[in-house]
Amino acid sequence: MSDGKKFIRDSIHGNLPVYDYELEVLDYPQVQRLRRIKQLGFISLIYPGANHSRFEHCIGTMHLASKLADNLELDQYDKDLVRIAGLLHDVGHGPFSHVSEAVLDFPHEELTAYVIRETEIRDKLEEKFNIEEIIDIINGKGKLGPIISGELDMDRMDYLIRDSHYTGVAYGVIDTERIINNLKLERELILDVKGVQAAEAALAARYLMYPSVYQHHTTRILNAMFRRALKDLLNKGLISSKDMYKYDDGDVVSLCRNSDGLAKDMMARLDNRNLFKVAKSVQVNTFENPEKIFKIEKKELLKAEEEISEDFGIDRDYVILNLPDYPHFDEMKTLVSLGDKLYHLNEISSIVGALSSARFNSPDICLYLPKEEREKVRKFKFENYLDLLEQVNKFDTIHFDQSKLFE
């Protein structure tokens, strides 16, 4: 940017330079809304300090992307383009970030593209940029896409450090300087072998943050309850999925509190931390083919919930079968240059290979119920309701029931 600049004081990266044009973009309501979207959804009910927003994460991503662009010696237009893409990459997130995304059945990147193309911010962006180039970078396309959305991208670097800081979970200590200084850009980002240890640490950090924060057992319960409330609002026509980019956390909480029925009750339970409990669970790594577990379709889960409701006499709306998120660790595919050859990170790092094998150790399939209903399902067996489970394992061994750990 050739215009003047000011500084924003960030709790993670210190003083971040922001140029006059970017400050004007920041003041658009589509970006300011992100101040009112929690980065980690309801996780502050587990880690009270986790109240940071998508807004600060986007500024942090812009900053790290800019540092990488400088290291790659991009021309000025590409540097500016990468910065603005980092700033706007999450502008389409719905309330409570990824929590609402599962209800919408389309990724937030689609809403981000819509916001950039169809709202008033477009005119401002077109003063300097081709908006389709911004959208491509946000979606990981083109030469510059891997900087924001790739195997070892700056979006991920920022949220790992930021989420670790605010939760107090001390796993997200990442040597971003080492990683950035050892990346080069060809058709994609390539890591020099001197940066392998830093990349291993980044992958290990995300592996440890997964069960401790992102898929903590209570996180999953909180998210599942909120999604049921949000689905109720959508079914009643009180909120529109295509307009989700307009709402912030407070809007949806208020709608739930002022509605009737399921959404109101779920939000009251969340407000007062009267949470569902794990009635039954089975670990994914007890199956011979754990990856197939994640292929269970939503319609199969809904059908199973209906059957459980009928068989055990529990209100259908209060039966939740929950699959863990698939433990994607794309960093394993990062290309590493060693001599004149390229290898994937997991080919040259035994640590990464071990993490790849261990990633199914913590996920489990869970049945969530109000605590007063748990006694009704003493004879519940997952294989009686989810047909795919019989295909991946015969259940001829005794499985450790984790539910007692969570009481």
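Me: In what order do the four strands of the open sheet lie?
Reply: The open sheet has mixed pairing among its four strands, where strands are DSSP runs (E, at least two residues; helices are H or I, at least four) numbered from the N terminus. Two strands pair if DSSP finds at least two bridges between them. This is a predicted model, in which local features need pLDDT of at least 70, side-chain atom pairs count only at pLDDT 80 or more, and totals for chains, interfaces and linings use all residues. Residues are numbered from 1 along each chain as its sequence is written, and side-chain values use heavy atoms, with hydrogens and water left out; the strand order is β3-β4-β7-β8.

Me: Which strands are the edge strands of this sheet?
Reply: An edge strand here pairs on one side only. That holds for the strand at 183–185 and for the one at 341–344, namely β3 and β8.

Me: Which residue of β4 is the bridge partner of Leu183?
Reply: Strand β4 covers residues 189–192 and pairs with β3 in the antiparallel sense, over three bridges. Within β4, the bridge partner of Leu183 is Leu191.

Me: Is α6 roughly parallel or antiparallel to α8?
Reply: Helix α6 (residues 108–118) and helix α8 (residues 131–138) pack at about 170°, their axes 10 Å apart, with axes being lines fitted to C-alpha atoms, for helices over the stretch in contact, and angles running from 0 to 180 degrees between N-to-C directions. Angles under 35 degrees count as roughly parallel, over 145 as roughly antiparallel, 65 to 115 as roughly perpendicular and the rest as oblique. The angle therefore makes α6, relative to α8, roughly antiparallel.
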